[in-house]
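Notebook open, coffee poured. I want to go through the aromatic rings in this one and jot down what I find.

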There are 2 protein chains.
Amino acid sequence: MACNALAKAGVNVRIIDQRPAKVAAGQADGIQPRTIEIFQSYGLGERLLREGNQMHTAAFYNPSAQGGVELTDRVPDVTATSAKFPFEVTLHQGAIEDMFLDSMKSLGVEVERPIVPVSIQVSEDEEELGNPKFRPVKVTLRRLSGPNTGLSEVVYARFVIGADGAHSWVRKNLNVAMEGEQTDHVWGVIDILPDSDFPDIRNKTVVHSNNGSCMVIPRENDKVRVYIQLEDGQGPSVATTNGRVDKTKIGPEQLLAVAQRIFHPYSLSAVNGFEWWTIYKIGQRVASQFSVKDRVFIVGDACHTHSPKAGQGMNASMGDSHNLAWKITAVLRGWANMSLLRTYEFERRKYAQDLIAFDRKFAKLFSGKPRTEENHDGVSHEELLQIFQTFGGFTSGIGIRYGTSSITDTKYHSTAPKLAIGERIPPLALVRAADSRPFDILDLLPADSRFKVLVFLGRESCDGQQISRAEEVAVGLEETLRTVAPNKDIFALFDIVTVLSASRKTVRYNAFPALLRSHWSKIFVDETGGARNVFGIEGSGAFVVVRPDGYVGTVAPLESVTHLADYFTAFNRC
Amino acid sequence: MACNALAKAGVNVRIIDQRPAKVAAGQADGIQPRTIEIFQSYGLGERLLREGNQMHTAAFYNPSAQGGVELTDRVPDVTATSAKFPFEVTLHQGAIEDMFLDSMKSLGVEVERPIVPVSIQVSEDEEELGNPKFRPVKVTLRRLSGPNTGLSEVVYARFVIGADGAHSWVRKNLNVAMEGEQTDHVWGVIDILPDSDFPDIRNKTVVHSNNGSCMVIPRENDKVRVYIQLEDGQGPSVATTNGRVDKTKIGPEQLLAVAQRIFHPYSLSAVNGFEWWTIYKIGQRVASQFSVKDRVFIVGDACHTHSPKAGQGMNASMGDSHNLAWKITAVLRGWANMSLLRTYEFERRKYAQDLIAFDRKFAKLFSGKPRTEENHDGVSHEELLQIFQTFGGFTSGIGIRYGTSSITDTKYHSTAPKLAIGERIPPLALVRAADSRPFDILDLLPADSRFKVLVFLGRESCDGQQISRAEEVAVGLEETLRTVAPNKDIFALFDIVTVLSASRKTVRYNAFPALLRSHWSKIFVDETGGARNVFGIEGSGAFVVVRPDGYVGTVAPLESVTHLADYFTAFNRC
């Protein structure tokens with residue numbers, strides 16, 4: 001994810017992996033609604049949707065009076081009302097990696113493997129560290145196989161990203177501590193082609209039985225993943241060595257046997273054995289820092305670990321890379337100060353902490369005994385459902401909000417009071433002025449490293465009758481953006497999208513100033529009043545700045561174009 | 001189109017072309033809503049939508065009181081309310097051919113070129129002709145270049161399809177006459193990257209001026225096609241030889257000059273010259289027969305020619321191939337009698353005649369002078385708009401209805417009175433029972449050579465409470481279909497899709513009989529009452545048979561399963 005984002009931005013990037021081959025099966029596989037949007041912004045959404053399975057419904061099973069479990073409830077899996085894709089996609093990690101590998105390959109970048117880093121050093125020189133032209137990180141690499149086995153190579157890098165998992169070599173070698181606890185939660189996972197009479201085998205299903213709990217995640221090609229919680233004396237005993245589970249002491253057949261007891265009276269067996277399986281003990285921990293001197297960064301499991309129940313692992317990790325890549329790009333291009341990089345840890349560490357707080361709550365309910373006639377202190381379906389739905393915005397990724405910083409400025413929030421600054425911009429139905437083709441605003445915001453300046457012209461643009469005001473707005477905007485754009489080339493750094501309060505029947509798209517329609521495809525009409533209803537923008541109009549990662553950076557009244565200058569110069573270098 | 005459809009069906013097929021290379025630019029380029037659906041049924045819809053431009057709006061320009069033309073009206077380009085894709089797609093013919101070539105290549109079939117046929121003979125032997133195992137067509141081919149230039153090859157074919165254009169060699173060599181007239185309509189066409197201040201350059205626009213008429217068709221990559229009518233003394237004189245226009249006597253610059261006079265006061269010029277251009281005189285003609293002894297068929301321009309104004313050319317042609325391919329496949333597989341092939345000419349020749357009748361009406365209005373203050377007898381915008389909208393169902397391809405025949409049986413029409421038997425089945429929103437994923441019924445009907453038997457279980461299926469009736473239905477259906485399926489393998493010939501009147505909250509998809517859910521993905525719930533509202537199916541349910549090409553073949557009450565036996569045995573051989 002990180003490498004592809006940087007390669008797409010034209011950054012000179014190398015990627016190494018100690019694995020001799022890419023992941024073929026298993027591993028993480030759930031893609032949240034916000035992550036689907038992010039894939040789409042990189043041009044990978046169509047393929048993801050073509051290859052993946054979709055989960056639309058979450059089902060809950062609880063103890064039945066007749067013994068065994070029964071269906072208690074089915075609810076929409078995604079409760080975030082503004083999700084453009086109101087479902088989760090499941091697809092094995094190998095297929096997801098393939099999308100990135102193919103995209104990278106088309107950009108001339110391939111994974112070098114198997115290679116391990118053997119040393120990493122960051123310069124102490126403040127001048128070197130403060131100037132992105134220097135290469136203050138020295139990394140020594142060693143090749144593990146092939147004609148040059150054992151050969152070392154020294155790389156001097158401007159930036160290094162450690163996306164090397166829960167046992168991150170990068171994190172350990174730079175002495176970054178993990179904070180939090182190694183819990184007792186032990187999980188077994190099996191990927192199978194099921195033979196089952198369970199009515200919800202194709203839904204995301206939580207089975208909360210008197211024999212333990214498990215979760216069903218349906219997958220591509222009719223396959224199903226079953227997560228089985230193993231603590232609390234359920235199932236086979238699990239030996240650990242140095243906090244890691246010893247996989248030689250238990251096998252997938254035993255995991256399936258535990259699941260079968262939980263599923264009773266429904267049947268569950270595996271056709272053609274086990275595609276993949278694992279068992280692991282989980283920690284709920286966050287790294288004390290996400291970067292070393294803003295030159296080496298850690299992303300993903302390297303900086304946060306938590307249980308799989310909330311289905312956040314891969315999503316949180318890809319969100320880290322998505323957040324970081326455009327910032328590194330902006331600094332390397334000379335568009336932004338090094339200070340921009342501080343916002344990575346600021347934004348993503350807070351999110352990781354929130355995630356783990358949620359995970360603790362959810363895990364506690366999940367692993368508690370279900371409430372029954374005999375066990376009045378158990379966890380009720382209502383409690384579980386409430387937390388599932390209350391945190392729906394969070395678990396879908398849609399509701400993530402970044403706090404105020406140099407890139408998240410709420411000064412003029414009253415200009416668009418329904419728009420949450422710091423959240424990803426919500427969908428808005430628009431119609432392209434030149435050809436009446438319908439678009440969602442999210443389709444107009446590719447992850448192309450540029451800030452998007454959305455110009456809502458408000459009532460001034462009604463049917464193009466009063467374009468003199470639009471011309472004033474364009475003059476002011478052009479002046480402002482030229483001051484921050486490198487070589488005065490506005491469109492290198494900004495994409496300008498214009499939204500008119502007009503009707504497709506009468507609009508003259510080419511009557512508007514050239515800056516507001518750098519291409520005929522850049523000007524839209526808002527026929528349904530969505531700007532007002534969804535964003536809270538009144539007839540006087542507004543500028544909305546969307547960051548390169550799709551999050552709302554700031555808003556301003558049309559007459560306060562100087563606020564845009566203030567916003568961009570806070571981190572701009574030009 | 002024909003070759004790809006046959007190759008997908010596993011038919012042993014060869015395709016030859018006299019052109020040394022595939023079409024690179026120009027030619028036909030408008031894809032109608034029904035054709036988009038057909039592409040989707042072959043798995044090519046996603047790519048078509050990714051690569052093509054969309055036309056959502058039709059604009060009309062007429063003489064202005066100030067001289068020149070002005071915008072009179074904008075209306076939706078597609079008025080057929082049931083179109084799944086309510087727009088047209090434009091894409092140059094080379095890109096469309098590429099989709100078929102790539103699809104064919106993945107099936108091991110490539111175009112052999114440049115090769116021409118030099119003789120064709122159809123046996124007179126009735127026994128040979130009546131048995132699809134014989135190869136009664138003898139074709140001699142000659143290679144035009146490459147190492148084997150001039151080498152002849154004799155092919156004995158079971159079937160031959162002449163998809164060889166308006167001047168069809170196949171048609172002429174089998175002495176099939178074209179009926180109708182060579183009109184005086186002469187058209188010029190230019191494909192340009194426009195520089196223009198015309199506000200509707202990205203819409204499908206009819207410009208009806210006192211200086212003549214033209215039509216704008218926006219295309220992919222910002223390009224535009226302009227069709228310019230040249231008769232009536234407008235523009236340069238056009239020399240013809242043997243009814244074909246002499247392209248050496250006129251060039252694209254002169255065509256553009258005519259268009260510029262029509263566009264006044266708006267500007268129009270060509271950036272980077274002309275991508276493609278042509279000029280042609282058009283006939284409105286239909287072949288007297290579409291096949292010779294049901295062994296040689298002609299499709300496309302080989303059997304019907306008409307003006308480009310209604311944008312039907314390529315669509316009508318691809319519709320022919322789509323209609324023919326599954327019938328040849330069924331005969332070759334031994335599923336159907338030779339008599340099935342008679343329905344190709346029956347269905348498609350009638351359609352071609354209707355198309356030309358429409359074309360005559362439209363062309364007359366289009367080429368007439370516009371009505372103005374000075375010219376009260378001219379064509380008014382209202383007249384042109386009325387015919388545009390009245391024939392919207394026809395021009396979109398959505399409203400094409402095939403007459404009653406062995407494969408279009410209206411006996412029990414009252415079971416689903418809102419469903420037009422002989423038309424393509426209209427969209428219907430369904431939810432998959434096992435996983436709540438939304439689908440349109442059109443997504444469930446791939447062009448895979450199989451008949452689709454849709455089982456609407458009606459009120460018997462409410463929430464799965466009364467499945468005993470469903471079991472009866474399944475037993476009767478299984479008996480019936482086995483009698484017509486080869487080797488009693490029902491699913492070789494039929495796909496069964498079941499629709500329940502149930503809710504996703506409570507449905508148990510796996511409580512229904514196995515025949516009705518050959519896979520978990522084959523059973524759906526109709527939560528919105530669409531079966532009743534759109535198809536007119538009441539609570540007592542219905543069978544709906546959809547032909548392999550997506551057209552409704554017949555319907556029957558659930559208690560009249562014998563009607564399905566009657567329907568299939570009318571053309572079935574097993």
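I counted aromatic pairs first and got 46 over all chains, taking rings of Phe, Tyr and Trp (its six-membered ring) as paired if their centres lie within 6.5 Å, with planes under 30 degrees apart called stacked, over 60 edge-to-face and the rest tilted. I looked up A:Phe290 and A:Tyr344: centres 6.0 Å apart, planes at 50 degrees, so I wrote down tilted. This pair links distant parts of the chain, 54 residues apart, with A:Phe290 in the loop between strands E18 (268-287) and E19 (291-292) of chain A and A:Tyr344 in helix H9 (342-367) of chain A. Helices (H or I, at least four residues) and strands (E, at least two) are DSSP runs, numbered from the N terminus. Both A:Phe290 and A:Tyr344 are buried, meaning under 20% relative accessible area (exposed is over 50%, partly exposed in between; 1.4 Å probe, protein chains only).

Next I checked B:Phe358 and B:Phe362, which come out stacked, because their centres are 5.6 Å apart and their planes at 15 degrees. B:Phe358 and B:Phe362 are both buried.

I also noted one aromatic cluster formed by A:Trp326, A:Phe451, A:Phe494, A:Tyr567, A:Phe568 and A:Phe571.

Note to self on the source: this is a predicted model, where local features need pLDDT of at least 70, side-chain atom pairs count only at pLDDT 80 or more, and totals for chains, interfaces and linings use all residues. Residues are numbered from 1 along each chain as its sequence is written, chains are lettered from A and ligands numbered from 1 in the order written, and side-chain values use heavy atoms, leaving out hydrogens and water.
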